[in-house]
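Student: I'd like to learn how to read burial and strand pairing from a set of coordinates. Can you walk me through an example?

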Amino acid sequence: IADLLDGNTQAKTSGPEALTRGFVEAEVERAAVGYREAGFATQLGMSPDRFKDSIMGLIAAQPGAWRGRFNLPRIRIGPQIPVGDQYKMLGLNYLLGGFRVSDWEEDPGGYKTPEAFSLVWMQDGRVNLNRSVDDVRPTLATDERGATIYDGVGLFISDPDVLSHHFVAFPGTQVEPGSAPALDRWLDGPKVGGSATSYTSPYFGAATCGRV
């Protein structure tokens, strides 16, 4: 883990100023290309052009209250493709097969992952380093929700280098019993597994999103 905490993948968008439309367009287009190259359009039975147009049509301005808080515009495909398959298509090991994986049942806003493609505004977990999922969940702001395992696909496809800085937990998803998904690269390379919701580490942070 020598290179962890050496990167700065989010610093370029960490200021309070509004992100430019050009920046958002570039981020969304990069995600669209990444998904297409990974085979998502084919898996969904869509032409490459229609797939890209569907994603580019999601571009929207960053809500003012989220500036400096949720500065990463990320594209989530949603459960149209099983989440384990999504991670495998990106070359990650998925270790949650056979476990009950669902949206966090105690989410204060009753959040449920939508079926449709979505533009999600995130922070990648670095503001929550050394905090457990159990600590983060009850302190979510009213306009904030825990990132889900589906949001994690969008995070990774746009920024696979995030794991050079820290590993990421997804408090918006629960894995029975008493765990949450986590994206890491311990031992057997980039993977998604379960992590106890009580676990803390200076190398782990819980990602969150602006609540819509």
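**Reading burial and pairing**

Tutor: Sure, and keep in mind that this is a predicted model. Start with strand β4 (residues 118-123): 6 of its 6 residues are buried, so the strand is largely enclosed by the rest of the structure. Buried here means under 20% relative accessible area.

Student: Which residues of β4 lie on one side, and which on the other?

Tutor: S118, V120 and M122 sit on one side, with L119, W121 and Q123 on the other. Both faces are covered, as all of these residues are buried.

Student: Okay, what does β4 pair with?

Tutor: Look for bridges between strands. Strand β1 (residues 72-76) pairs with β4 in the antiparallel sense, over 5 bridges, and P73 stands opposite W121 of β4. There's also strand β11 (residues 208-210), which is antiparallel to β4 and joined to it by 2 bridges. In that pairing, M122 has C209 of β11 as its bridge partner.

Student: How many residues of strand β8 are buried?

Tutor: For β8 (residues 179-184) it's 6 of 6, so this strand is largely enclosed by the rest of the structure. S179, P181 and L183 point one way, while A180, A182 and D184 point the other way, and all are buried.

Student: And which residues are the bridge partners of A182?

Tutor: Take the strands in turn. Strand β6 (residues 167-169) pairs antiparallel with β8 over 2 bridges, and there A169 has A182 as its partner. Strand β9 (residues 191-196) also pairs antiparallel with β8, over 6 bridges, and in β9 the partner of A182 is G193.

Student: What should I check in the hairpin of β8 and β9?

Tutor: Check the backbone angles between the strands. This hairpin has 6 residues there, and L187 takes a positive phi near 55 degrees.

Student: Can the burial count be used on a helix too?

Tutor: Try helix α6 (residues 149-158): 10 of its 10 residues are buried, so the helix is largely enclosed by the rest of the structure. Among them are Y150, D151, F156 and S158.

Student: Now zoom out. How many helices and strands are there?

Tutor: The protein has 6 helices and 11 strands. Its radius of gyration is 16 Å, close to the 17 Å that the globule rule gives for 212 residues, so the protein is as compact as a globular protein of that length. Buried residues make up 52% of the 212.

Student: And the contacts?

Tutor: Look at sequence separation. Of the contacts between residues at least 6 apart in sequence, 79% join residues at least 24 apart.

Technical notes. Residues are numbered from 1 along each chain as its sequence is written. This is a predicted model: local features need pLDDT of at least 70, side-chain atom pairs count only at pLDDT 80 or more; totals for chains, interfaces and linings use all residues. Side-chain values use heavy atoms; hydrogens and water are left out. Helices (H or I, at least four residues) and strands (E, at least two) are DSSP runs, numbered from the N terminus. The radius of gyration is taken over C-alpha atoms; the globule rule is 2.2 Å times the number of residues to the power 0.38. Buried means under 20% relative accessible area, exposed over 50%, partly exposed in between (1.4 Å probe, protein chains only). Contact means heavy atoms within 4.5 Å. Two strands pair if DSSP finds at least two bridges between them.
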